[in-house]
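Visitor: Could you take me through how a few features of a protein model are read, with the cut-offs stated as we go?

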Amino acid sequence: MNIQIFGKNKCFDTKKAERYFKERRIKFQSVDLLRFGLSGKEFDAVLRAVGGIDNLIDWECKDPDVTLMKYMEDVRGKEDKVFDKPELMKTPIVRNGKQATVGYCPEIWATWE
């Protein structure tokens with residue numbers, strides 16, 4: 001397994017995900033999403049794995065851009081906005097090769113072992 005956890009330092013779900021893998025002695029790479037973001041290829045792979053941009057956006061975020069995106073029909077426009085502002089992404093984003101999850105999903109991670 002090649003686990004990558006993209007998250008925010010102050011996100012409790014990110015910390016829970018890291019603890020989940022530590023408790024099972026599974027090595028992972030932790031990446032600060034706000035500092036480093038996702039590369040273009042990583043972003044596209046995550047979008048494919050999670051089923052589109054609407055599943056990647058943190059709809060509970062207080063950012064005014066999220067409110068505007070609720071009414072946007074332009075999928076490419078949403079993708080560009082979220083790629084440029086990683087703080088709009090729901091975290092943690094956990095990748096294992098071509099598989100990925102958004103949020104705290106231990107039931108899915110258990111199938112990766």
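Guide: What follows takes up aromatic pairs, charges over rings, one helix and one strand residue.

Guide: This is a predicted model, in which local features need pLDDT of at least 70 and side-chain atom pairs count only at pLDDT 80 or more, while totals for chains, interfaces and linings use all residues. Residues are numbered from 1 along each chain as its sequence is written, and side-chain values use heavy atoms, with hydrogens and water left out.

Visitor: How many aromatic pairs are there by the rule used here?

Guide: Rings of Phe, Tyr and Trp (its six-membered ring) pair if their centres lie within 6.5 Å, and planes under 30 degrees apart count as stacked, over 60 as edge-to-face and the rest as tilted. By this rule there are 6 aromatic pairs. One of them joins Phe21 and Phe28, whose ring centres are 6.3 Å apart with planes at 50°, so the pair is tilted. The rings of Phe21 and Trp109 are also paired, with centres 5.2 Å apart and planes at 40°, so this pair is tilted. It links distant parts of the chain, since Phe21 lies in helix α1 (residues 12-23) and Trp109 in helix α6 (residues 106-112), 88 residues apart; helices (H or I, at least four residues) and strands (E, at least two) are DSSP runs, numbered from the N terminus.

Visitor: Which residues form the aromatic cluster?

Guide: Tyr20, Phe21, Phe28, Tyr104 and Trp109 form one cluster. Buried means under 20% relative accessible area, exposed over 50% and partly exposed in between (1.4 Å probe, protein chains only); Phe21, at 1%, therefore counts as buried, whereas Phe28, at 24%, is partly exposed.

Visitor: Which ring does the charged end of Lys16 sit over?

Guide: A charge sits over a ring if NZ of Lys or CZ of Arg is within 6 Å of the ring centre and within 35 degrees of the ring normal. The charged end of Lys16 sits over Tyr104, 4.5 Å from the ring centre, and Arg24 lies over the face of Tyr20 at 3.8 Å.

Visitor: Which residues of helix α3 are buried?

Guide: In α3 (residues 40-50), these are Glu42, Phe43, Ala45, Val46, Leu47 and Val50. They pack against β1 (3-7), α5 (75-84), β3 (93-96) and β4 (99-102), where contact means heavy atoms within 4.5 Å.

Visitor: What is Gln29 in contact with, leaving aside its neighbours within four places in sequence?

Guide: Gln29, found in strand β2 (residues 28-32), is in contact with Ile3, Gln4 and Ile5 once those neighbours are left aside. At 41% relative accessibility, Gln29 counts as partly exposed.
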